[in-house]
Amino acid sequence: MIPVVPLIPLVPFNSMDKTKDSNLKQNLNNSSSGKIISVQGQVVEVEFEGDDVATLRDVLVLENDLSFRMEVIKSSGDRRFYCIAFSPTNKLYRGAPVINTREEISVTVGNDVLGRIINIFGEPLDEGKPLTSSHKKSIYPKGMAYNEVAIQNEILETGIKVIDFFSPISRGGKIGLFGGAGVGKTLLLTEIIHNVVTLHGARNVSVFAGVGERIREGQELYETLSEQKVLPSVSLIFGTMGENSALRFRTAYAAGTIAEHFRDELGRDVLFFIDNMLRFVAAGAEVA
């Protein structure tokens with residue numbers, strides 16, 4: 001039973017800090033520009049001027065609203081590109097000027113994201129202080145070579161006897177929890193996070209991707225982890241049910257980037273959760 005406590009409102013992902021707006025404007029002085037020529041749902045077609053055009057996965061922003069972001073997904077002509085918008089498109093119009101940031105979607109990584117709820121751009125959703133770390137990584141990292149993949153024959157002890165005995169989890173392996181709504185999947189994940197962090201000490205961290213989760217569920221998870229005093233060892237990345245499918249789909253990629261940074265560059269043992277895979281697949285189908 002989760003106690004009733006005052007809710008911590010999650011901040012909308014596109015409410016950028018004004019100081020970030022001014023810094024971004026300075027960085028965009030030499031960037032290429034274009035204009036919107038059509039909008040169909042979340043798909044925006046942009047035409048660039050001259051030969052300085054965008055490339056796949058570049059992030060574009062509106063010239064008069066830098067918080068509005070869209071990602072280049074496909075070419076539609078010599079200087080035209082289809083983009084997927086991450087915000088409602090009701091503010092867009094034909095001829096609206098856009099600027100190419102020349103960067104892919106990047107998320108903040110490292111110890112600064114522990115104990116925080118962030119979105120795919122590394123912006124806080126928990127009304128906490130802005131993340132000051134400048135260490136960011138693209139959510140589309142280069143994949144590992146096959147000969148770099150290590151297989152370990154070692155069991156991860158969760159402290160939950162029914163799991164450790166009947167369905168043990170191997171280190172470096174994958175496991176799925178299947179069940180209907182309201183049967184306790186998220187609660188079981190919370191218990192595993194608590195036990196693993198408690199049993200294995202400060203070396204372990206957990207990364208939780210909330211893909212299409214209800215805001216209420218994210219709130220309750222945050223409060224439960226805080227009450228159990230394991231929140232400082234957990235990073236939460238959310239693309240809630242109210243966001244569009246493009247953002248929800250990329251939430252898992254952002255969380256995976258953070259988890260890989262902890263594993264590969266900081267040498268930590270990482271417990272990585274995606275809640276849930278059904279909504280991740282559904283979001284991908286919507287984007288497609």
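Contact here means heavy atoms within 4.5 Å, and the angle between two elements runs from 0 to 180 degrees between their N-to-C directions. In this predicted model, helix 5 (residues 245-264) lies across strand 8, strand 12 (204-211), strand 13 and strand 14, and runs at about 170° to strand 12.

**The sheet beneath helix 5**

The strands crossed by helix 5 belong to an open sheet of 4 strands, with the order 8-13-12-14 and parallel pairing. Strand 8 and strand 14 are the edge strands, each pairing on one side only. At one end of this order, strand 8 is joined to strand 13 (residues 234-239) by 2 bridges, and the two run parallel. Within this pair, Ile118 stands opposite Ile237 of strand 13.

**From strand 14 into helix 6**

Strand 14 (269-275) is followed by a loop that holds Asn276 and leads to helix 6 (277-287). The peptide bond from Asp275 to Asn276 is cis, its omega being near 0°. Asn276 also makes an approach at the start of helix 6, where one of its side-chain oxygens comes to within 3.2 Å of the backbone nitrogen of Leu278.

**The two sides of helix 6**

Which residues of helix 6 are buried? They are Phe280, Ala283 and Gly284. Viewed down the axis of helix 6, these buried residues fall within an arc of 100°, and therefore line one face of the helix. The general geometry of an α-helix is relevant here: with 3.6 residues a turn, residues three or four places apart point the same way. The cover over the buried residues of helix 6 includes strand 12 and helix 5. Strand 12 thus appears in two settings: helix 5 lies across it, and it is part of what covers helix 6. On the other side of helix 6, Leu278, Val281 and Ala285 are exposed.

**Positive phi in two loops**

Arg102 and Glu127 each have a positive phi although neither is a glycine. Arg102 lies in the loop between strand 6 (97-100) and strand 7 (106-108). Glu127 is in the loop that connects strand 8 (117-118) with strand 9 (136-138). The table sets out their values.

| Residue | Phi | Relative accessibility |
|---|---|---|
| Arg102 | about 60° | 39%, partly exposed |
| Glu127 | about 60° | 53%, exposed |

Exposed means a relative accessible area over 50%, and partly exposed lies between 20% and that value. Arg102, at 39%, therefore counts as partly exposed, whereas Glu127, at 53%, is exposed.

Definitions and conventions:
Residues numbered from 1 in each chain as written. Predicted model: local features only at pLDDT ≥ 70, side-chain atom pairs only at ≥ 80, totals over all residues. Heavy atoms only, no water. Buried < 20%, exposed > 50% of the residue type's maximum accessible area, 1.4 Å probe, protein only. Pairing = 2+ DSSP bridges. Arc of directions from axis to C-beta. Polar contact = N/O pair within 3.5 Å; in protein donor to acceptor, adjacent residues only side chain to side chain.
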